[in-house]
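Q: I'm new to reading protein models and would like a close look at a single part of this one. Could you pick out a pairing of side chains and walk me through what surrounds it?

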Amino acid sequence: MGVFGILNFVGFESAAPMAEETDDPRRNIPRAILISVLILGTLYFVMSFATVFGWGVPDIANFAADPAPFDAMANRVFGIGALVIFLAITNSSLACALATVNQGSRSGS
């Protein structure tokens, strides 16, 4: 299971099918993978910090027990503005599903 989590970190499995449609794939594909690793690594770091800050150090133990921890944190921190957070999460989920379908159509398995 850990291998799939690592490989899905930035979508390494889609690099080979996408190389067929890329100009100068030997230069652009490694560059795209490295840039996405750096961007997502930074995003994960910032989100981890924001999660600890949003829940607070004394309450961070309740994070895992909550069925929707980021929703609860958004409601506590932003109040009615949590609706914007919910819409962003929903939009992100739909975009990930669309990217998965797009990559699956190119791999032809």
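A: Start with Arg-76 and Asp-59, whose side chains meet in a salt bridge, with 3.8 Å from N to O. Arg-76 lies in helix H4, while Asp-59 lies in the loop between H3 and H4, so the pair ties together parts that are 17 residues apart in sequence. Why might two such side chains pair up at all? Side chains of opposite charge can do so when their charged atoms come close. Neither partner is tucked away: Arg-76 counts as partly exposed, at 42% relative accessibility, and Asp-59 is partly exposed too, with a relative accessible area of 33%.

Before going on, keep in mind that this is a predicted model. The mean pLDDT of the protein chain is 79, and 79% of its residues reach 70 or more. Confidence varies along the way: among the elements, helix H1 (residues 2–7) has the lowest mean pLDDT, 52, and helix H3 (residues 25–55) has the highest, 87.

Now stay with H4, the helix that holds Arg-76. Which residues of H4 are buried? They are Pro-69, Met-73 and Ala-74. Looking down the axis of H4, you'd see these buried residues fall within an arc of 130°, so they line one face of the helix. Right after H4 comes Gly-79, which has a positive phi, near 65°.

One of those buried residues, Met-73, leads us over to H3. Thr-51 lies in helix H3 and counts as buried, because its relative accessibility is 7% and the cut-off is under 20%. If you leave aside its neighbours within four places in sequence, Thr-51 is in contact with Ile-60, Phe-63, Phe-70 and Met-73.

Phe-70 turns up again on the outside. Together with Leu-43, Tyr-44, Met-47, Val-77, Phe-78, Ile-85 and Ile-89, Phe-70 makes a nonpolar surface patch of about 710 Å². Which elements give two or more residues to the patch? Those are H3, helix H4 (69–78) and helix H5 (82–107). Take Leu-43 as an example: its place is in helix H3, and Leu-43 is partly exposed, with a relative accessible area of 43%.

Is there a second pairing to set beside Arg-76 and Asp-59, or how many salt bridges are there in the count? The count comes to two. In the other one, the side chains of Arg-27 and Asp-24 meet, with 3.2 Å from N to O. Arg-27 is partly exposed, with a relative accessible area of 42%, and Asp-24 also counts as partly exposed, at 42% relative accessibility. Asp-24 is found in the loop between helix H2 (15–19) and H3. The backbone of Asp-24 deserves a glance as well: phi is near 50°, a positive value in a residue other than glycine. For background, most residues other than glycine have a negative phi.

Finally, step back to the whole chain. The protein chain has five helices and zero strands, so to speak an α-α-α-α-α pattern when read along the sequence. Buried residues make up 14% of its 109 residues. The chain exposes about 8300 Å², and carbon and sulfur atoms supply 71% of that. Among contacts between residues at least 6 apart in sequence, 30% join residues at least 24 apart.

Methods. Residues numbered from 1 in each chain as written. Predicted model: local features only at pLDDT ≥ 70, side-chain atom pairs only at ≥ 80, totals over all residues. Heavy atoms only, no water. pLDDT = per-residue confidence, 0-100. Helix = DSSP H or I, 4+ residues; strand = E, 2+ residues; numbered from the N terminus. Patch = residues over 30% accessible without salt bridge, like charges linked within 9 Å, V, L, I, M, F, W, Y side chains within 5 Å. Areas by Shrake-Rupley, 256 points an atom, 1.4 Å probe, with all protein chains shown as cover. Salt bridge = Lys/Arg side-chain N within 4 Å of Asp/Glu carboxyl O. Buried < 20%, exposed > 50% of the residue type's maximum accessible area, 1.4 Å probe, protein only. Contact = heavy atoms within 4.5 Å. Arc of directions from axis to C-beta.
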